[in-house]
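Here is a short briefing for a first look at this structure. Keep the sequence and the 3D view open while you read.

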Amino acid sequence: TYDFISQPQHHRHCTHNITMSKESTKDPKEELVDDDDADDDDEEEEAGDDGEAGDASAAKKKKKKKKKKKKKAVNGSSTNNLVNGTPTNKAQGRFLNEGSFTDYYVAHGQTEPPTIPVSNLFKGEDTPSSPLPPFPTGEIQHHPLESNSHRISSEELRHNERLSANLYSKLRHASEVHRQVRHYAQSFIQPGIKLVDMCERLEECNRNLVQEKGLERGIGFPTGCSINHVAAHYTPNCGDNTVLQYDDVMKVDFGTQIDGRIIDCAWTVSFNPRYDPLLEAVKEATNAGIRAAGIDVRLCDVGESVQEVMESYEVELDGKTYPVKCIRNLNGHSIGPYQIHAGKSVPIVKTDDVTKMEEGEIFAIETFGTTGRGYIVEDMECSHYMKNFDCPHIPLRIPRSKKLLAHINNTFGTLAFCRRWLERDDGGSFTVNGAKGKQEKYMGALKNLCDVGIIQPYPPLVDVKGSYTAQYEHTLILRPTCKEILSRGDDF
């Protein structure tokens with residue numbers, strides 16, 4: 001997602017219990033059994049008194065073999081039975097980092113394809129006694145500026161971080177879900193796939209790994225899959241049969257949230273190597289923006305760093321050379337609880353905005369590059385919608401509008417949603433609505449909610465036709481002692 005600065009201001013604010021056989025003379029390690037097996041042992045000892053010790057011994061060995069098979073059968077459902085594998089599927093996407101594997105998660109005990117909730121693979125602050133490892137920490141970078149040098153070794157600031165351990169755990173949980181889902185997506189996104197199938201497959205994996213539970217945890221916002229000159233905010237509506245082509249440049253942008261803490265991360269998919277300079281320009285510009293960000297850094301300085309890198313690239317297409325331009329009216333943004341755009345915009349060009357980043361803030365650092373004019377406008381059929389965060393109470397007269405608004409409040413709150421979700425049997429959340437959440441004949445009610453200012457539509461944002469746009473994005477938090485790039489993975 002992004003902060004679209006052409007919008008009006010008010011729219012900018014998405015154990016086993018172990019016993020030992022008493023009369024055993026064998027090695028104790030061979031006699032560890034469950035309580036149920038211990039009962040069976042007693043029966044076998046009685047059988048031995050009747051002269052049937054040989055049969056009982058054979059039955060006992062048979063039971064031990066069955067126990068081993070049972071362990072394999074429930075692999076993944078218990079923390080004691082997780083099996084760490086070796087990643088083997090090397091990522092094939094353009095400009096994914098060397099050494100990236102789409103099945104990296106099997107090293108953490110995940111299945112392929114991923115089906116085990118991430119909370120079963122790692123522990124959070126709410127389960128300190130769990131034998132599992134903690135959620136992975138993101139990439140750590142020091143804050144820029146000489147005035148921040150004391151933060152590295154400050155014991156007081158470290159204590160402040162320990163007080164925020166629960167927040168960091170939720171963010172890392174959501175980040176790991178995002179990493180596993182996008183790595184899985186990188187394994188099946190290929191030319192010829194229908195975009196609606198791609199989105200539904202990705203989103204279903206997202207729901208499973210995060211253990212979707214309404215507003216408590218789930219998808220942060222609809223999966224964006226904007227193609228070519230469409231820069232952002234496109235996801236297929238029902239009936240849209242658009243197919244991904246070899247020569248397309250697609251931006252994949254989706255989010256995950258735990259207790260409203262949203263991870264916003266995106267990358268660009270292409271198959272034709274002729275677009276490599278465009279992807280490289282945007283990827284490096286995003287990394288430059290991340291390096292420039294930090295406590296007390298002015299937003300204009302981040303934008304200047306991004307622009308300097310982005311506009312040093314050019315792309316040759318069909319014998320013509322195009323300079324890579326920043327899309328100047330698209331920005332990164334701060335993120336708040338259940339608020340994808342929390343007020344601060346991070347420009348990707350040099351501006352006069354001297355607003356400073358502050359300790360504890362969460363930002364989505366994202367950049368957009370284009371071979372077009374470098375300025376986007378709204379166009380095409382709308383699919384993205386979101387309830388305005390600071391929307392006051394507005395009386396409604398139309399019953400259908402009241403019903404739809406109640407559904408949106410209960411299912412999405414102030415998180416972004418799309419028409420495709422309203423038309424699911426669960427209406428966007430099985431936990432909230434069961435299989436009876438599908439919205440019927442809702443377009444008039446949705447338009448009414450938009451007209452009165454309760455819901456804000458977010459149509460696709462496009463550059464000139466024939467141009468190509470790319471996007472890379474990461475979410476970071478400005479911790480007291482450092483900045484943590486939460487969504488960083490081995491892929492980008």
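Strand S5 and strand S7 (residues 249-258) run antiparallel and are joined by 8 bridges. The model is predicted. The points below start from this strand pair, then move to the cores, a cavity, a small sheet and some unusual backbone spots.

**Strands S5 and S7**
- S5 covers residues 217-227, and 11 of its 11 residues are buried. The strand is therefore largely enclosed by the rest of the structure.
- One bridge can be followed residue by residue: glycine 224 has aspartate 253 of S7 as its partner.
- Aspartate 253 also has a distant part of the chain close at hand in the numbers: its C-alpha atom is separated by 8.7 Å from that of glutamine 471, 218 residues apart along the chain.
- Glutamine 471 belongs to strand S20 (residues 469-478). Its relative accessible area is 1%, so glutamine 471 counts as buried, the cut-off being under 20%.

**Nonpolar cores**
- The largest nonpolar core holds 82 residues. Ile189, Met198, Leu244, Met250, Val252 and Trp267 have the most contacts inside it.
- Helix H4 (residues 165-188) supplies the largest share of this core, with 8 residues.
- A second core is separate and has 19 residues, including Ile219, Tyr385, Leu405 and Tyr442.
- As a general background, nonpolar side chains in soluble globular proteins tend to be buried together.
- What does tryptophan 267 touch, leaving aside residues up to four places away in sequence? Its contacts include Ile189, Met250 and Val252. Leu96, Arg182, Gln186 and Lys251 are also among them. So are Phe254, Gln471, Tyr472 and Phe492.

**The second largest cavity**
- This cavity contains about 130 Å³ of space.
- It is lined by 15 residues, and those closest to its centre are Gly214, Ile219, Thr411, Phe412 and Gly428.
- Which strand gives the most to the lining? S5 does, with 3 residues.
- By type, the lining has 6 nonpolar, 6 polar and 3 charged residues.
- Ile219 appears twice in this picture: it belongs to the second core, and it is among the residues closest to the centre of this cavity.

**A three-strand sheet**
- An open sheet is formed by 3 strands in the order S6-S19-S15, with antiparallel pairing.
- Strand S6 (230-232) and strand S15 (377-378) stand at the edges, each with a single partner strand. One side of each is therefore left without a neighbour in the sheet.
- S6 and strand S19 (residues 461-462) are joined by 2 bridges.
- Within this pair, valine 230 stands opposite valine 462 of S19.

**Unusual backbone spots**
- The peptide bond from glutamate 112 to proline 113 is cis, with omega near 0°. Proline 113 sits in the loop between helix H2 (53-73) and strand S4 (139-141).
- Phenylalanine 95 lies in the loop between H2 and S4 as well. Its phi is positive, about 60°, although it is not a glycine.
- Is phenylalanine 95 buried, partly exposed or exposed? It is partly exposed, with a relative accessible area of 25%.
- Lysine 441 has a positive phi too, near 45°, and is a residue other than glycine. Its place is in the loop between helix H10 (430-433) and helix H11 (443-451).
- Lysine 441 has a relative accessible area of 70%, so it counts as exposed, the cut-off being over 50%.

Notes
Residues numbered from 1 in each chain as written. Predicted model: local features only at pLDDT ≥ 70, side-chain atom pairs only at ≥ 80, totals over all residues. Heavy atoms only, no water. Buried < 20%, exposed > 50% of the residue type's maximum accessible area, 1.4 Å probe, protein only. Helix = DSSP H or I, 4+ residues; strand = E, 2+ residues; numbered from the N terminus. Pairing = 2+ DSSP bridges. Core = buried A, V, L, I, M, F, W, Y, C linked by side-chain atoms within 4.5 Å. Contact = heavy atoms within 4.5 Å. 1 Å grid on protein atoms, 1.4 Å probe; cavity = no way out; pocket = protein on both sides within 12 Å on 5 of 7 lines; lining within 4 Å. Points joined across faces, edges and corners; volume = space filled by probe spheres on them. Nonpolar A, V, L, I, M, F, W, Y, C, P; charged D, E, K, R; others polar.
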